[in-house]
Structures are given as structure tokens and as C-alpha cells.
Amino acid sequence: MSGEKMPAADDRPTIKVAAVSWPGVELEPVATPPAADGGKPTRSRRARLLLAGGLAAALLAGGIGVGAYAYAGDVPRGTTVLGTELGGRSRADAARALRAELERRAAALNAPIVVTVGEKKAELKPADVGLAIDVDATVAAAAAAEAHAVSRLVGSRAVEPVVTVDAARLGAALRKAVGDQGREMTMPTVIWTDTTPKPVYPKPALTVDTAGATDAVTAAWLAGQPVTVPLVEKWPATTREEVDRLVTELARPAVAAPVTLTTEGGSVTIPPAAIARSLRFSTDDAGKVTPRVDVKRLRTALGGKLAKLEVEPRDAGLTITGGKPKVAPSRAGRQVDAAALGPALLAVLPKSTDRTVTAQLKPATPELTEAKLAELGIKERVSTFTTRFTGGLSSPRSQNIVQAAKDVDGTIVKPGETFSLNAHTGERGYDQGYQDAPTIVNGKLVPGVGGGVSQFTTTLFNATYYAGMKDVEHKPHSFYFSRYPAVIESTIYWPQLDFKFRNDTPHGVLIDTSYTGSSITVSIWSTKIYDSVKTEYGPRRNITQPKTVYLEPGPNCISAAGGIGFAQDAFRVIKKDGKVVKREKFSWRYDAEPRFICAPDPGA
């Protein structure tokens, strides 16, 4: 349409108000002083107010268009945000206007905020703590500002912008700024030395009030000003007096005498030592102390006493017989109702007489029944891996490997579960059947309980690797040993180093272990989902030669022939339906293993 003016981006109709004559209506004359220049007198302020007020009232009463003018746009007229007029605009126009203002203020809004925390100054970048103005929420707040019709014509109002902030990140930044000025809260509790309870009294933290600091920093950011955040004391919820009361009224009476636990299958005596090991005083993040009886600890403290009353449930399992998995049936049991025993025992511990608790023996069903086991789809061997012993089967090192294999044999890992070797075996000590054998500590071979378990770890790692399982955690050795595949191997050390894999398949996994006089084998049974899993190696690089180190002779000195150091890449290539579906890179750098000689240095 040639010659016509294009409409604005907002297509709302423009309300026009024409001049209106009011027949028969005259303003009452008001005497006014003459003008300073001697001219005609001006109309008084009262007359102007009468005119404005009367006109507005008349217009509103008449309803002849000015009402529409006053209510034009989503945002009431006279509404500003950060000094920018948003009144009379649609929400879309108001948002555009506010964004333009924020662009104009970008340098100021992005400038670091100078914060004084205690006696230290720090600078916070707004973006680092999530400080921003929510334009849409601010416009919505402006549109919701209350304003009656007259106020919409002649009034004004300023609406504060809606500010967003990441309180967690701001709190962390402020706590970092506190530095060594602050102190952690000492949580109250009651601890035990044998059967003697000892109070731990609360002490306050010296830190920042995150909620108040967030408001102060937000206001300072908008104003472009520095801000001071004071350090405050934050006390735990449980007081010193309450800790003393827990000791006097619960902990000391609790271990003053045994408790008799009766069941329909018989009775056992719970001695004070077992009570002390199981009565715990837990403290939450707010410092509130709650006493409870840990039935699991109680069971351990009683040793085999409860076994005389209970029948332990047994999960269904699998054994490999004749090259096929065979189901070992589950068995139901009967156990003390732990959920009821804890509160019941806690109730009698403060008493000096009638220290008897009656517990119910409830049916205990196995977690894994034959039916659930059948659903896991463990039907075929999907991988196997074998490594050879460096000594005979009777050597301590070989016996440690065999012990670890026995600990893991028959383990079932369900779909989605993560297997941890450390969690499965627990600490590998003398009581668990492990012996002293050479292990690597700080780059040297030294005697250590459980030495050699790394060979089992490597065997298990390779079995899961070639089954296509998800590698979660492993660490190759510092030195290369030719008995293991380069890069694709793993050490272990309690508790710092672990081996973990995740069963990321829809089927269950059975870990089957076996050994001969010269080797250890781990096989993974499940349902095969891949055509093949293979390893492709890159060339060795950055090769380094070993140095010779003379060590003081003695029973703890272990000599070593040494070996080269190098870096290498290994690629796990997984195929399914004739196509490569995964290609995973594993990289490692081996240090050159020194040649250790147990003799005085001839050059010294």
C-alpha cells in the first residue's frame, strides 16, 4: 500500500483524545496577584488543581475515551524500572526497552563488586555468582503494579528489577573470601572410650550470613557500590546443657548394666560393651543431636549370639557346572525385627531396672530369588581372561591372588549396578586370609599384606573389559610388567586405589573365578550382546631407560631387574551387527623401573 505509514512492532491501536468543550460549565474566578512584570494576573495553583481534578473526574465519570487512554498498554503509565519508562507499553515493548537499558548499563553491571568480608577485601564477578536481571519477570512485576485510573494519568511509580543470583555459588565465594578469619562449627555429640561416655561440646562457626549477604550484595550490585559483609557466629542447634543432659540421663545409665533381649526362640544378654558400640549420637548439619541404636553395629558387637536365634536368608546363586550355569536355590530366614528393636532398646537404656527388651523374629526373604535370577538372563560365557603366577601356588603372593578370587567368585552384578573390588573384599588383612608379599609403595617393592592382589585385579579388569563392560575406575601400575598387557591392566591398594566397573547392559553378570597351580582365570557370564571386543595398540613412544639404585641389604630389601619406561595408547574396538559401535582410547605412561640392588653402592 504505497504512501501508507508502516505500523509499529506493537500492533495495539493508538488511543487519541480530542479537545472537548464543556457547555454550561465555568470555573469559579479566583483572585490572583498581578504578574511580576505588571501584565495580566496568572491563574492560581488552586485553580489549576481544580481544573486538573475536575477534568479528570469528569472524564472518568463521562467515560468518553480517556479511560481507554489511561489503560492503554500492559504496563501502567508512569511506571519506571531503573529510570526507564515502561508505562503505556505492551509487555513485548517493555521488555525491549528494558533490555536496551541493560545493554547501556552493561559495563557497570558486569564490573566486579568490591566486597569487604570481615577484614579482607575481595572482588566478585557478577557472572561468576549468577547475578542477572530477569527481564521477563521484571516486566511482569511492572505490569502487575497497582495503579488506579487517576494515578495512571498523572501518577508515577518505580518498580525494582527482579534479580536472580546463584546463592550456592555466592555463598561459596564469600566463604572463600573469609579465609583464615573464619572457623568451622564444632558439632556437639557424645563419644565413647570403651564404656565411658565423653561429651563433645558445641562451638560456633565464624562465617557469613548467606541469606543477609545475598541481599546486601544484590543491592550493592544494582547501585554500583562496594558492600561490607560482616562475620557472624553460627551456633549448633544442640546446646552444651543438652549435651550434658544426654550424658547424664542416657549415656551413663545405658552402660550401667546389661540388657536382656528375649525372642520366641530364646534370649541373649547384651553387655555394656555392646551397648556402647551401638548407641550412637548422630548430629545433622544444623548441629541437632539425635540418639539412636545402630542395630547393624549391635549385631557385629554381639558376634554370633544372634545367630543362635536367627536363620540367615540366602540369595539364589549360580555355579558353573559342566560348562553351564546351575542355579543354587535361595532360602528364606528368620531375623530380629531391626526396625522395631532399635527404638525399643533405646527406650529401656535410661532405666536402672526392668532392662528387658522383647523382639519379634520376622520372616526374612532373600533379596534374589530363583525367579528374579532367571530374569537376569545369565546363560552364556561372554569373556574370559587368564594370567600366570610368577611363583608356585603355595607362595604368599599366589595365595593372596587365590584368596581374592575366592572372595569374588559367584558375585552377581545386576543391570545398572557398579562393582567395586575394594567394597567387595573390604580391607585385605591377616584376619581376612591375606599374607605378606611384595607390593609397590613409593616406587619400590616392599613387603606388604595382600601383595599380589593387583594380578587378580588385572585379570578381573581384562575379563570385564572384553565383556564390553563400562570402565568406571582403574589405575595401571607405575612400572610395566611383561606378564600383563600394556595399558590394559590395573593395580589396587586399600583404600586409595580401587577397581570399579558398571554393568551397563540389560542383563545380569556373573563373575566366575578359577585357578590352577600356575594361573588364575576370571570369566564373565551373561547374555552376549556384542560380536567382538578387541584391542588395537598404538606404538610405544617417549622411551626412557632405568637407573640403578643400591639399597641397604636386609630382610625388607627386594631387588628388581628394572625395566624401560614408555607411553602407549590402546583402543578398545567393540563391534555389533558387523559394525564398530564403540572405539575407546586408553592411554598410560609407565615410569622406568629402577634396577634395585640390595648392596652398598660401590661408587660411594
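Start with the whole chain and its contacts: counting pairs with a separation of 6 or more, 69% of the contacts in the protein chain are between residues 24 or more positions apart. Keep in mind that you're looking at a predicted model. Colour by secondary structure and you should find 16 helices and 36 strands. Switch to a surface next: the chain exposes about 33400 Å², with carbon and sulfur atoms supplying 53% of that. Of the 604 residues, 38% are buried.

**Stop 1: a three-stranded sheet**

Select 79-81, which is strand E1, then add E2 (84-85) and E6 (157-158). Together these make an open sheet in the order E2-E1-E6, and the pairing is mixed. E2 and E6 are the edge strands; each has a single partner strand, so one side of each has no neighbour in the sheet. Now zoom in on E1 and E6: the two run parallel and are joined by two bridges. To see a bridge for yourself, pick Thr-80 and look across to its partner in E6, Ala-158.

**Stop 2: the second largest pocket**

Which residues lie nearest the centre of the second largest pocket? Select Arg-175, Arg-183, Glu-184, Ala-205 and Thr-207 and you have them, out of a lining of 18 residues. The space in this pocket comes to about 420 Å³. Two elements give two or more residues to the lining: helix H7 (167-178) and strand E10 (205-208). E10 has the largest share, with four residues. Colour the lining by class and you'll get eight nonpolar, four polar and six charged residues.

**Stop 3: Leu-346**

Go to helix H12, residues 338-348, and pick out Leu-346. Is Leu-346 buried or partly exposed? Its relative accessible area is 22%, so it counts as partly exposed, given that buried means under 20%. Show what Leu-346 touches beyond four places away in sequence: Leu-250, Leu-279, Pro-291, Arg-292 and Val-293. Try a distance on one of those contacts: Arg-292 is 54 residues from Leu-346 along the chain, yet their C-alpha atoms are separated by 6.7 Å.

**Stop 4: the cavity**

Searching the whole structure turns up one cavity of 30 Å³ or more. The largest cavity holds about 40 Å³ of space. To find it, select Phe-461, Thr-464, Tyr-465, Met-469, Lys-470, Asp-471, Phe-501, Arg-572 and Phe-586, which line it. Helix H16 (453-466) and strand E27 (470-473) are the elements that give two or more residues to this lining. H16 has the largest share here, with three residues. By class, the cavity lining has five nonpolar residues, one polar and three charged.

**Stop 5: Val-573**

Finish on strand E34, residues 565-576, where you'll find Val-573. With a relative accessible area of 7%, Val-573 is buried. Leaving out residues up to four places away in sequence, show its contacts: Ser-532, Val-533, Lys-534, Glu-536, Val-580, Lys-582 and Arg-583. For a last distance, go from Val-573 to Lys-585: they sit twelve residues apart in sequence, and C-alpha to C-alpha you'll get 9.0 Å.

Definitions and conventions. Residues are numbered from 1 along each chain as its sequence is written. This is a predicted model: local features need pLDDT of at least 70, side-chain atom pairs count only at pLDDT 80 or more; totals for chains, interfaces and linings use all residues. Side-chain values use heavy atoms; hydrogens and water are left out. Two strands pair if DSSP finds at least two bridges between them. On a 1 Å grid over the protein atoms alone, a cavity is a set of points where a 1.4 Å probe fits but cannot get out, and a pocket is an open set with protein on both sides within 12 Å along at least five of seven lines; lining residues have an atom within 4 Å of a point. Grid points are joined across faces, edges and corners, and a volume is the space filled by probe spheres set on the points. Ala, Val, Leu, Ile, Met, Phe, Trp, Tyr, Cys and Pro count as nonpolar, Asp, Glu, Lys and Arg as charged, and the others, Gly among them, as polar. Buried means under 20% relative accessible area, exposed over 50%, partly exposed in between (1.4 Å probe, protein chains only). Contact means heavy atoms within 4.5 Å. Accessible areas come from the Shrake-Rupley method with a 1.4 Å probe; for residues, only the protein chains shown count as cover.
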